[in-house]
Amino acid sequence: MKFSANLGFLWNDLCLPDAIRAAKAAGFDAVECHWPYDVPAAEVRAALEETGLPMLGLNTRRGDVGAGDNGLSALTGREVEARAAITEAIAYARATQTRAVHVMAGYSAGPEAHASFVANLRFACAEAAPHGITILIEPLNRHDAPGYFLQTTEQARAIIAEVDHPALRLMFDCYHVQIMEGDLTRRLTDLQPLIGHIQFASVPDRGAPDHGEVDYADIFATIAALGYDLALGAEYKPVGKTENTLGWLDLTRRSTQKAP
Ligand SMILES: O=C(O)C(=O)[C@H](O)CO
Ligand SMILES: [Mg+2]
């Protein structure tokens, strides 16, 4: 199995280029981030080239975080800002050869929000596809993001069908899906054709995947058996130093090494 370090949470005490280097030293196969915009893209690209790690994803800006924004693309009336955030994210992804952009929906509900989200996603797909960049949408759970527009994989499935563009895929974050819908094994199997990226963390505390109500040894085996071979995103909140939370990585590597 391959793993991607989510540098929004792992090594987030380091600047992004140093976090990329730390992920390489710890044995990750890839990295991903949340909002890298304060760091010049050239510095990130240099660290990626130095380490040989690909950057798998980044998020669109959330808007005015101080005022409570958590994404803009399902906010009717904020289309200009939403599209500027999408354009910015795609430009940053191009400059760093990042493979996917997660378009954040924001706090909203109802048919107008749905229509705005679909229209903004069509815009994002049209902008991203010529550069080979995937657009991701991610359901978030109601405890961490109460009132977030996109809450379930079923809602995401319907939106992906409606947008009907090959660049649009599902970000299946096992942590959020377990909290909102459960049934992880069947959902991963059923949704696999739509999945562009998988993330994970323990439930309910969003820690390392070595405790909690989800048996990740089993989930990783399920994902491998499906033939899914892209790197899985470790998007958890380390308690203490990130290096001290990586026992799961060694264990997983040892248990999946082929016999000689
Ligand atoms: O919160 C998550 O699970 C994410 O992947 C996004 O980066 C949104 O914060
Ligand atoms: Mg996630």
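The legends below describe close-up views of a predicted model.

**View 1. The whole chain, with its 9 helices and 8 strands.** The C-alpha atoms fill a box of roughly 55 × 40 × 35 Å along the principal axes. For 260 residues a compact globule would have a radius of gyration near 18 Å, and the 17 Å of this chain agrees with that expectation. Buried residues account for 45% of the 260 residues. Of the contacts between residues at least 6 apart in sequence, 75% join residues at least 24 apart.

**View 2. The two annotated glutamates, Glu-138 and Glu-235.** An unreviewed UniProt entry carries the annotation "active site" for Glu-138 and Glu-235. These positions span 98 residues in sequence, yet their C-alpha atoms are no more than 13.1 Å apart, so they gather at one spot. Glu-138 is placed in the loop between strand E5 (134-137) and helix H5 (153-163), and it counts as buried because 24 C-beta neighbours lie inside 10 Å, where the threshold is 20 or more. Glu-235 lies in the loop between strand E8 (232-234) and helix H9 (247-256), and with 25 C-beta neighbours inside 10 Å it is buried as well. Leaving aside residues up to four places away in sequence, Glu-138 touches His-102, Leu-150, Met-171 and Asp-173, while Glu-235 is in contact with Asn-6, Phe-9, Asp-173, Gln-199 and Ala-201. Asp-173 thus appears in both lists of contacts.

**View 3. The surroundings of ligand 1.** The residues around ligand 1 are Gly-8, His-34, Asn-59, Glu-138, Leu-140, Asp-173, His-176, Gln-199 and Glu-235, a set that includes both positions named in the UniProt annotation. By class, this shell consists of 1 nonpolar, 5 polar and 3 charged residues. Asp-173, which belongs to the shell, is also a contact of Glu-138 and of Glu-235, and Gln-199, likewise in the shell, is a contact of Glu-235.

**View 4. Helix H1 and the elements that cover its buried residues.** The buried residues of H1 are Leu-16, Ala-19, Ile-20, Ala-22 and Ala-23. Around the helix axis they cover an arc of only 160 degrees, which puts them on the same side of H1. An α-helix has 3.6 residues a turn, so residues three or four places apart point the same way. Among the elements that cover these buried residues are E1, strand E2 (30-32) and helix H2 (41-51). Just after H1, Gly-27 adopts a positive phi of about 100 degrees.

**View 5. Helix H8 (residues 216-225), with its buried and exposed residues.** Tyr-216, Phe-220 and Ile-223 are the buried residues in this helix. Seen down the axis of H8, they fall within an arc of 60 degrees, so they line one face of the helix. The face turned away from that buried side carries the exposed residues Asp-218 and Ala-225. H8 is followed by Gly-227, whose phi is positive and near 85 degrees. In the loop between strand E7 (195-200) and H8 is found Pro-204, and the peptide bond leading to it from Val-203 is cis, with omega near 10 degrees.

**View 6. Two non-glycine residues with positive phi, Trp-11 and Gln-97.** Trp-11, in the loop between strand E1 (3-6) and helix H1 (16-26), has a positive phi of about 50 degrees although it is not a glycine. With 23 other C-beta atoms within 10 Å, Trp-11 is buried. Gln-97, also not a glycine, has a positive phi of about 55 degrees and is placed in the loop between helix H3 (79-96) and strand E4 (100-102). Gln-97 counts as partly exposed, because 16 C-beta neighbours lie inside 10 Å.

**View 7. The setting of Leu-72 in the loop between strand E3 (57-59) and H3.** Leu-72 counts as buried, with 27 C-beta neighbours inside 10 Å. Its C-alpha atom is 5.5 Å from that of Ala-105, although the two residues are 33 apart in sequence. Apart from residues up to four places away in sequence, Leu-72 touches Gly-63, Arg-78, Glu-81, Ala-82, Ala-85 and Gly-106.

Terms used. Residues are numbered from 1 along each chain as its sequence is written. Chains are lettered from A and ligands numbered from 1 in the order in which they are written. This is a predicted model: local features need pLDDT of at least 70, side-chain atom pairs count only at pLDDT 80 or more; totals for chains, interfaces and linings use all residues. Helices (H or I, at least four residues) and strands (E, at least two) are DSSP runs, numbered from the N terminus. The radius of gyration is taken over C-alpha atoms; the globule rule is 2.2 Å times the number of residues to the power 0.38. A residue is buried if 20 or more other C-beta atoms lie within 10 Å of its own, exposed if 12 or fewer, and partly exposed in between; C-beta atoms are placed from the backbone. Two residues are in contact if their C-beta atoms, placed from the backbone, lie within 7 Å. UniProt positions are given in the numbering used here, feature names are shortened, and annotations may be inferred rather than shown by experiment. A residue is near a molecule or strand if its C-beta atom, placed from the backbone, lies within 6 Å of it. Ala, Val, Leu, Ile, Met, Phe, Trp, Tyr, Cys and Pro count as nonpolar, Asp, Glu, Lys and Arg as charged, and the others, Gly among them, as polar. The arc is that of the directions from the helix axis to the C-beta atoms.
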